Amino acid sequence: MITCFIRYEIDPFKTEAFDAYARNWGQAIPRCGADLIGYYAPQEGSSTTAYGVYNIESLAAYEAYRARLRDDPLGRENYEFARKEQFIRREDRLFLRLASTPHAALVKP
(Lines give C-alpha, C1' and ligand atoms only; values in the text may rest on other atoms or scores of the structure.)
Protein backbone atom coordinates (compact mmCIF):
# COMPACT_ATOMS: atom_id res chain seq x y z
CA MET A 1 0.00 0.00 0.00
CA ILE A 2 1.23 3.51 -0.84
CA THR A 3 -0.21 6.88 0.09
CA CYS A 4 -0.39 9.75 -2.36
CA PHE A 5 0.02 13.19 -0.81
CA ILE A 6 -0.97 16.04 -3.12
CA ARG A 7 0.21 19.46 -2.01
CA TYR A 8 -1.67 22.33 -3.59
CA GLU A 9 -0.77 25.97 -3.68
CA ILE A 10 -4.13 27.70 -4.09
CA ASP A 11 -5.36 31.23 -4.62
CA PRO A 12 -6.25 32.49 -1.11
CA PHE A 13 -9.23 34.37 -2.54
CA LYS A 14 -10.69 31.23 -4.14
CA THR A 15 -10.84 28.81 -1.21
CA GLU A 16 -14.56 28.22 -1.79
CA ALA A 17 -13.73 26.98 -5.30
CA PHE A 18 -11.13 24.63 -3.83
CA ASP A 19 -13.72 23.36 -1.32
CA ALA A 20 -16.12 22.53 -4.19
CA TYR A 21 -13.27 20.82 -6.03
CA ALA A 22 -12.45 18.77 -2.91
CA ARG A 23 -16.09 17.71 -2.41
CA ASN A 24 -16.23 16.52 -6.03
CA TRP A 25 -13.11 14.41 -5.54
CA GLY A 26 -14.76 13.06 -2.39
CA GLN A 27 -17.23 11.35 -4.72
CA ALA A 28 -15.09 10.54 -7.76
CA ILE A 29 -11.89 9.24 -6.14
CA PRO A 30 -13.47 6.37 -4.14
CA ARG A 31 -15.69 5.47 -7.11
CA CYS A 32 -12.58 5.15 -9.29
CA GLY A 33 -10.75 2.85 -6.88
CA ALA A 34 -8.59 4.82 -4.43
CA ASP A 35 -9.11 4.92 -0.66
CA LEU A 36 -9.59 8.63 -0.04
CA ILE A 37 -8.36 9.85 3.33
CA GLY A 38 -9.44 13.41 2.59
CA TYR A 39 -8.88 16.83 1.16
CA TYR A 40 -7.72 19.54 3.52
CA ALA A 41 -8.21 23.27 2.95
CA PRO A 42 -6.59 26.19 4.78
CA GLN A 43 -8.04 26.94 8.21
CA GLU A 44 -5.31 28.70 10.20
CA GLY A 45 -1.78 29.70 9.28
CA SER A 46 -1.06 29.53 5.55
CA SER A 47 -3.97 30.58 3.39
CA THR A 48 -2.45 29.09 0.25
CA THR A 49 -1.58 25.49 1.17
CA ALA A 50 -4.05 22.62 0.81
CA TYR A 51 -3.69 18.83 0.63
CA GLY A 52 -5.34 15.77 -0.85
CA VAL A 53 -4.43 12.35 0.59
CA TYR A 54 -5.42 8.86 -0.52
CA ASN A 55 -4.17 5.27 -0.38
CA ILE A 56 -3.70 3.03 -3.39
CA GLU A 57 -2.34 -0.51 -3.69
CA SER A 58 0.68 0.21 -5.92
CA LEU A 59 2.03 2.50 -8.62
CA ALA A 60 0.55 0.15 -11.23
CA ALA A 61 -2.85 0.41 -9.53
CA TYR A 62 -2.37 4.19 -9.47
CA GLU A 63 -1.93 4.30 -13.26
CA ALA A 64 -5.15 2.32 -13.79
CA TYR A 65 -6.97 4.50 -11.26
CA ARG A 66 -5.83 7.69 -13.03
CA ALA A 67 -7.21 6.36 -16.32
CA ARG A 68 -10.57 5.62 -14.67
CA LEU A 69 -10.59 9.08 -13.09
CA ARG A 70 -9.96 10.73 -16.49
CA ASP A 71 -12.90 8.78 -17.94
CA ASP A 72 -15.23 9.45 -15.00
CA PRO A 73 -17.83 12.16 -15.83
CA LEU A 74 -17.36 13.96 -12.49
CA GLY A 75 -13.58 13.57 -12.76
CA ARG A 76 -13.56 15.21 -16.22
CA GLU A 77 -15.89 17.93 -14.96
CA ASN A 78 -13.66 18.60 -11.95
CA TYR A 79 -10.49 18.84 -14.05
CA GLU A 80 -12.27 21.34 -16.31
CA PHE A 81 -13.60 23.29 -13.31
CA ALA A 82 -10.06 23.68 -11.94
CA ARG A 83 -8.72 24.72 -15.34
CA LYS A 84 -11.49 27.27 -15.88
CA GLU A 85 -11.49 28.80 -12.38
CA GLN A 86 -7.68 28.70 -11.96
CA PHE A 87 -7.74 28.44 -8.17
CA ILE A 88 -4.82 25.97 -8.18
CA ARG A 89 -1.48 27.71 -8.65
CA ARG A 90 0.69 24.63 -8.19
CA GLU A 91 0.20 20.92 -7.54
CA ASP A 92 2.86 18.45 -6.35
CA ARG A 93 2.42 14.69 -5.79
CA LEU A 94 4.45 12.55 -3.44
CA PHE A 95 4.05 8.80 -2.88
CA LEU A 96 5.01 7.45 0.54
CA ARG A 97 4.75 4.13 2.35
CA LEU A 98 3.66 3.82 5.97
CA ALA A 99 6.69 3.00 8.11
CA SER A 100 5.39 3.41 11.67
CA THR A 101 3.10 0.40 12.07
CA PRO A 102 2.08 -1.30 14.22
CA HIS A 103 0.74 1.65 16.16
CA ALA A 104 -0.01 1.58 19.85
CA ALA A 105 -3.58 2.08 21.00
CA LEU A 106 -4.70 5.69 21.36
CA VAL A 107 -4.60 6.90 24.95
CA LYS A 108 -7.14 9.62 25.70
CA PRO A 109 -6.24 11.95 28.58
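**Group meeting: sheet, helices and aromatic pairs**

Let's start with the sheet. Four strands make an open sheet in the order β2-β3-β1-β4, and the pairing is antiparallel. At the edges sit β2 (35-40) and β4 (88-96), each pairing on one side only. On average, neighbouring strands are turned by 15° against each other, with direction ignored. One caveat before I go on: this is a predicted model.

Now one strand pair. β1 covers residues 2-10, and eight bridges join β1 to β4. The two run antiparallel. For a landmark, find Cys4: opposite Cys4 stands Phe95, in β4.

Next, the helices. α1 lies across β1, β2, β3 and β4. Against β2, α1 runs at about 175°. α2 also packs on the sheet. The strands that α2 touches are β1, β3 and β4. The direction of α2 makes about 110° with that of β3.

On to the rings. A pair of aromatic rings is described by two things, the distance of the centres and the angle of the planes. How many aromatic pairs does the structure hold? There are 14. I'll show two.

Take Tyr21 and Trp25. Their ring centres are 5.6 Å apart and their planes stand at 80°. Planes over 60 degrees apart count as edge-to-face, so that is what this pair is. Where do Tyr21 and Trp25 lie? Both are in helix α1, residues 15-31. They are four residues apart, about one turn of the helix. Buried or exposed, these two? Tyr21 is buried, at a relative accessible area of 3%. Trp25 is buried too, at 2%.

The second pair is Tyr54 with Tyr65. Here the centres are 5.3 Å apart and the planes make 55°, so the pair is tilted. Which parts does this pair tie together? Tyr54 belongs to strand β3, residues 49-56. Tyr65 belongs to helix α2, residues 59-71. So the pair links parts that are eleven residues apart in sequence. Tyr54 is buried, and Tyr65 is buried as well. Recall that α2 touches β3; this ring pair has one member in each.

Last, step back from pairs to a cluster. Which residues form it? Tyr8, Phe18, Tyr21, Trp25, Tyr39, Tyr79, Phe81 and Phe87 form one aromatic cluster. Tyr21 and Trp25, the edge-to-face pair, are among its members.

To recap: an open four-stranded antiparallel sheet, α1 lying across its four strands, α2 packing on the sheet, and 14 aromatic pairs. Thanks. Questions?

Definitions and conventions: Residues numbered from 1 in each chain as written. Predicted model: local features only at pLDDT ≥ 70, side-chain atom pairs only at ≥ 80, totals over all residues. Heavy atoms only, no water. Phe/Tyr/Trp six-rings, centres within 6.5 Å; stacked < 30°, edge-to-face > 60°. Buried < 20%, exposed > 50% of the residue type's maximum accessible area, 1.4 Å probe, protein only. Pairing = 2+ DSSP bridges. Axes fitted to C-alpha atoms, helices over the stretch in contact; angles between N-to-C directions. Contact = heavy atoms within 4.5 Å.
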